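Colleague: I'd like to go through this one with you and ask where the labels come from. Shall we put it on the screen?

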Amino acid sequence: MATGETNGVAKMETGTMLEVVGKEATPPHVVIVGGGFAGLYAAKALADQPVRVTLVDRRNHHLFQPLLYQVATAVLSPADIAQPIRAILRDQPNATVLLAEVEAIDAERREVVLDEGRLPFDYLLLAAGASHAYFGHDEWEPFAPGLKSLEDATEIRRRILVAFEEAERTTDPARRADLMTFVVVGGGPTGVEMAGAIAEIARYALAEDFQRIDPTKARVILLEAADRLLLAFPASLAQKAERELTRLGVEVRFQSAVTAIEPGVVHVGEEAIAAGAVMWAAGVRASPLGRTLGGEVDRAGRVIVAPDLSAPGHPEIFVLGDLASAKDAKGKPLPGTAPVAIQQGRATAANIQRRLAGQPTQPFHYQDRGNMATIGRNSAVADIKGLRLSGLLAWLAWAMIHVFALIGFRNRLVVSIQWIYSYLTYQRGARLITETAAKRAAVEAAAAASPLSTRAGD
Ligand SMILES: Cc1cc2nc3c(=O)[nH]c(=O)nc-3n(C[C@H](O)[C@H](O)[C@H](O)COP(=O)(O)OP(=O)(O)OC[C@H]3O[C@@H](n4cnc5c(N)ncnc54)[C@H](O)[C@@H]3O)c2cc1C
């Protein structure tokens, strides 16, 4: 039974088998799991190839994760950094988009197991990404959310804004001080960006808006287990980032591994830090789909891939992006970044083209163009092929690269306008708390009753 038609490609459902067939011949079927950087750029690179592409994602949008922290800190709105996958691939006749949860990969039968039905493939590109890791303490997640999805970002935004509102309401000075303390766990790029952005909201955007509290007195504490920030950056840039954060008023603490988290309290050894909101930016865990391939995975659950990114023993399956454990020419593990994912997506599309032409695949070589992290207004650090930048120049480079990397003219325009507005006025355009206190209390009560029931990872 035909169930629909998208881009000239009819979807056929036979029992539990979901098949996607072209109108005329049936060229090889490439299934891509994940519409993030790796999956989406692979799909686009396959546009002119004689293949049928089905991109499956549990969400209907591609998300520009590098700017998520700006949604979490009220600079941008969710729609500014997300774009419907269906709209992005609208003009690609060989591509079909399916909104579905992938539950497993049946590598032997060459089928993707969906929440409803199965999807057969000739080639599979598994690009389901990663989510946060709590180092065996998933029970901390409700009290210290990580930043991975738009839901995470709006939830963190809500917690930060609600903490200030509650601080304004309370008459207890000790409780007020606790509510105006914000703890960020993890001193990598996301932790640094979050800590800097929260300090900026408190010192600028909220400074004049309250009668009883002085938001500029808010404490922002960044906890890092190692003895420096930004481990992927040269030490000199990490020190500059630390100095900039300190200038913004962030308390940067090293060798401060978190030992427990309860509602509103973070424990570091003997010390208990009461906080209005706690954010987790400390660990990464690959999508559980990688393990369902049955091959070797690393400690973070990433699939250890062959040099051409195929899964060992399965030349028709490629694993890309944050879900792949791949190495550069010197044997150094590739980082979980957008450029790695994008380049892997494109390289795999080229390898599929080679396979179709009867040629051998080529190993993946990463073109490393550098690392960047922003700290706040006029302040960022960048390591571009050995050229080390900091301050305003790095910040301008960061802003330009991120605007250009966004997908869609609308998003580029809106983000540019929002940034100019925030820069000139020191204001945050998206300072919205979108849930009533009563509704949230009900959700939190349910979560507290079942603290171990974790959300499905991204
Ligand atoms: C807060 C944050 C900030 C970052 N900042 C930067 C930065 O500044 N620079 C940089 O280079 N990198 C940054 N990164 C890392 C970068 O975003 C990732 O490396 C990149 O997104 C990886 O791409 P991917 O395609 O492998 O996975 P993702 O982009 O995560 O995409 C995975 C996709 O798979 C889908 N999916 C997952 N599981 C399933 C399932 N079971 N069924 C169906 N669909 C599924 C998801 O919905 C998602 O769309 C940041 C990441 C985060 C979280």
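Colleague: Let's start with a pairing: which residue stands opposite D383 in β27?

Modeller: N371 does. Before we go on, this is a predicted model, with local features needing pLDDT of at least 70 and side-chain atom pairs counting only at pLDDT 80 or more, while totals for chains, interfaces and linings use all residues. Residues are numbered from 1 along each chain as its sequence is written, and side-chain values use heavy atoms, with hydrogens and water left out.

Colleague: What makes β26 and β27 a pair?

Modeller: Two strands pair if DSSP finds at least two bridges between them. Strand β26 (residues 371-376) and β27 are joined by five bridges and run antiparallel, so the pair passes that test. In their hairpin two residues sit between the strands, and N378 takes a positive phi near 60°.

Colleague: And what is a strand here, or a helix?

Modeller: Both are DSSP runs numbered from the N terminus: H or I over at least four residues for a helix, E over at least two for a strand. The protein chain comes to 11 helices and 28 strands.

Colleague: Why is β27 called largely enclosed?

Modeller: Buried means under 20% relative accessible area, exposed means over 50%, and partly exposed is in between (1.4 Å probe, protein chains only). Five of the six residues of β27 (379-384) are buried, so the strand is largely enclosed by the rest of the structure. On to the next hairpin: β27 also pairs with strand β28 (residues 387-390), antiparallel, over four bridges. There I384 has L387 as its bridge partner in β28, and K385 takes a positive phi near 50°.

Colleague: What about β15, and which strand does β14 run parallel to?

Modeller: That's β15 again: five bridges join strand β14 (residues 181-185) to β15, and they run parallel. V184 stands opposite L222 in β15. Four of the five residues of β15 (219-223) are buried, so β15 is largely enclosed too.

Colleague: Now the ligand. How do you know which residues are around it?

Modeller: A residue is near the ligand if one of its heavy atoms lies within 4 Å of it. That gives 28 residues, of which A38, D57, V102, D322 and A338 come nearest. By class the shell has 12 nonpolar, 10 polar and six charged residues. Here Ala, Val, Leu, Ile, Met, Phe, Trp, Tyr, Cys and Pro count as nonpolar, Asp, Glu, Lys and Arg as charged, and the others, Gly among them, as polar.

Colleague: What makes V102 a polar contact of the ligand?

Modeller: The cut-off is a pair of N or O atoms within 3.5 Å; within protein, one must also be able to donate a hydrogen and the other to accept it, and residues adjacent in sequence count only if both atoms are side-chain atoms. A backbone N or O atom of V102 lies 2.9 Å from a nitrogen atom of the ligand, so it qualifies. A338 has a backbone N or O atom 2.9 Å from a ligand oxygen, and a polar backbone atom of F37 is 3.1 Å from a ligand oxygen. Taken alone the ligand exposes 990 Å², and the protein buries 90% of that (Shrake-Rupley method, 1.4 Å probe; for residues, only the protein chains shown count as cover).

Colleague: Which helices supply at least two residues each of that shell?

Modeller: α1 (37-45) and α8 (338-356), with α8 giving the largest share, three residues. α1 is mostly covered, with seven of its nine residues buried, including F37 and A38.

Colleague: Why is R346 called partly exposed?

Modeller: Its relative accessible area is 46%, so it falls between the two cut-offs. R346 is found in α8 and, leaving aside neighbours within four places in sequence, is in contact (heavy atoms within 4.5 Å) with Y41 and A45.

Colleague: And Q92, buried or exposed?

Modeller: Buried, as its relative accessible area is 7%. A polar side-chain atom of Q92 lies 2.8 Å from the backbone oxygen of A43. Q92 itself sits in the loop between α3 (85-88) and β8 (95-99).
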